[in-house]
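Q: I've just opened this one and would like a close look at its aromatic rings and the parts around them. Please take it slowly.

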Amino acid sequence: YQRRVRGESSKKKCFCLFCLKMKGEHPQHGHPYQSIGNEEDKHSKHGVKFIMLTELCERFSFYGLRGVMPLYLNEFLGINQTDSTAIVHGFIMFAYICPLFGGYIADSFLGKFHTIFYVSLIYCVGSAVLASTSVPLFAKLSHLTPFWGLFLGLFIIGLATGTMKPCVSAFLGDQFKPHQTHLIDSVFHIFYFMVSLGSVSGTLLIPVVRTKFGYSMAFALPAVFLVLTAFIFRVGKRLYTIHPPKGSILMASLHIIAIGVSEKFKSVFSLKKKEKSDPSLTWHYAALSKYPKENIDDVKTTLQVLTIFLPFPLFWSLYSQYSSTWVFQAKLMNRNLHGYPFIYFS
């Protein structure tokens, strides 16, 4: 009403009690009733909640496993600290390479929903393998050492978490309709808060479980949360906006780069000099006969932006030490906080 008094457009949404609850012409405001959301919008809103809970449980499981892994390798399996550190960082590196595979599978074959759901089931299997082989009784009955469970479990978990990683946030973005773009920032802020909440809670809680109940329970709890992840995500299916796969831009981009590099080498080593039709066209545009110029522009811009990320591996290689060498360093420190033992390493 105040907007109309100030002469602003009546198309802006009114949130008075009459407009929220009733339909028709408002007797005082003089503008038609404007719905704050149809049934499809409400479904989308509830679907977003399921996706956020899914990510919360998955991050809890991954960071919980990651938090106790160096001690499991060193104390339970008897692997020295140097090799334990190498295994932990190899696992982390593998997990963060697999998003390329996950994005390709989702875009080319399965779609985001089916990729997340099927991979979450595989994730459960990997976590169950790791948890079961950490039980001494199981190792004795099966005549199998925990080493095969360790490497098989870490391989499956790394593949699964990496494959899911690019799909969940992209699938969340698919839930927004064109008229809901103003909600994207706030929803993704909440989404990344849930990511951080799951990561921190897993990092804090799972080491406590390890101290109180042992490694088998410390691995079993993340496995339970992964089952919960798959269940929550599947339950929300009817509320999601699901788009079919439309083809991977990754393969098209690699093809554009391959053609450009190939033509560049041919022009360098060729005895015949070819005249350029347009001096502004760089080697990237050698694929103009097969791809639109807009696609090639995107690839060129992406390659330029990637140079900014070249120092990032140095940062992350140092940052990830908190999952390995810093854990071993903490074992050598005074872990009493005002007379109370810090339970992580007790």
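How many aromatic pairs does a search of the whole structure find?

A: A search of the whole structure turns up 26 aromatic pairs. To pair, rings of Phe, Tyr and Trp (its six-membered ring) need centres within 6.5 Å; planes under 30 degrees apart are called stacked, over 60 edge-to-face, and the rest tilted. Before we go in, note that this is a predicted model: local features need pLDDT of at least 70, side-chain atom pairs count only at pLDDT 80 or more, and totals for chains, interfaces and linings use all residues. Residues are numbered from 1 along each chain as its sequence is written, and side-chain values use heavy atoms, with hydrogens and water left out.

A bit of background helps. The protein chain has 13 helices and two strands; helices (H or I, at least four residues) and strands (E, at least two) are DSSP runs, numbered from the N terminus. Of its 346 residues, 39% count as buried. Buried means under 20% relative accessible area, exposed means over 50%, and partly exposed is in between, using a 1.4 Å probe and protein chains only.

Now the rings. A pair of them is described by the distance of the centres and the angle of the planes. Take F62 and F91: their centres are 5.9 Å apart with 35 degrees between the planes, a tilted pair. F62 belongs to helix α3 and F91 to helix α4, and the two are 29 residues apart, which makes this a link between distant parts of the chain. Both F62 and F91 are buried.

Y319 and Y322 look like this instead: with centres 5.2 Å apart and planes at 70 degrees, the pair is edge-to-face. Y319 is partly exposed at 39% relative accessible area, and Y322 is partly exposed too, at 25%.

Some rings join into a group. F113, F117, Y118, F171, F233 and Y240 are linked into a cluster by ring pairs. F113 is a handy place to stop: it lies in helix α5 and is buried, with a relative accessible area of 3%. Not counting neighbours within four places in sequence, F113 is in contact (heavy atoms within 4.5 Å) with F171, F233, R234, K237, Y240 and I242. Its C-alpha is also 8.0 Å from that of C167, a residue 54 places away in sequence.

F233 shows up again around T54. That threonine sits in helix α3 and is buried, at 2% relative accessible area. Leaving out residues up to four places away in sequence, T54 touches T229, I232 and F233. The C-alpha atoms of T54 and L228 are 8.0 Å apart, though 174 residues separate them along the chain. Long reaches turn up across the chain: of its contacts with a separation of 6 or more, 73% involve residues 24 or more positions apart.

Back in helix α5, you'll also find G103, which counts as buried at 18% relative accessibility. Helix α4, home of F91, meets α5 as well: their axes come within 5 Å and cross at roughly 25 degrees. Axes here are lines fitted to C-alpha atoms, for helices over the stretch in contact, with angles from 0 to 180 degrees between N-to-C directions. The two helices are therefore roughly parallel; that label covers angles under 35 degrees, while over 145 is roughly antiparallel, 65 to 115 roughly perpendicular and the rest oblique. Where they meet, A95, Y96 and I97 of α4 touch P99, L100 and F101 of α5. That contact is made of six nonpolar residues, no polar and no charged ones. Here Ala, Val, Leu, Ile, Met, Phe, Trp, Tyr, Cys and Pro count as nonpolar, Asp, Glu, Lys and Arg as charged, and the others, Gly among them, as polar.

Finally, the core. A nonpolar core is a set of buried Ala, Val, Leu, Ile, Met, Phe, Trp, Tyr and Cys residues joined through side-chain atoms within 4.5 Å. The largest one has 52 residues, and M69, L73, L130, L150 and F219 touch the most other members. Among the elements giving it two or more residues are α3, α4 and α5, and α3 gives the most, with 13. Another core lies apart from it, with seven residues that include I256, I259, I296 and V299.
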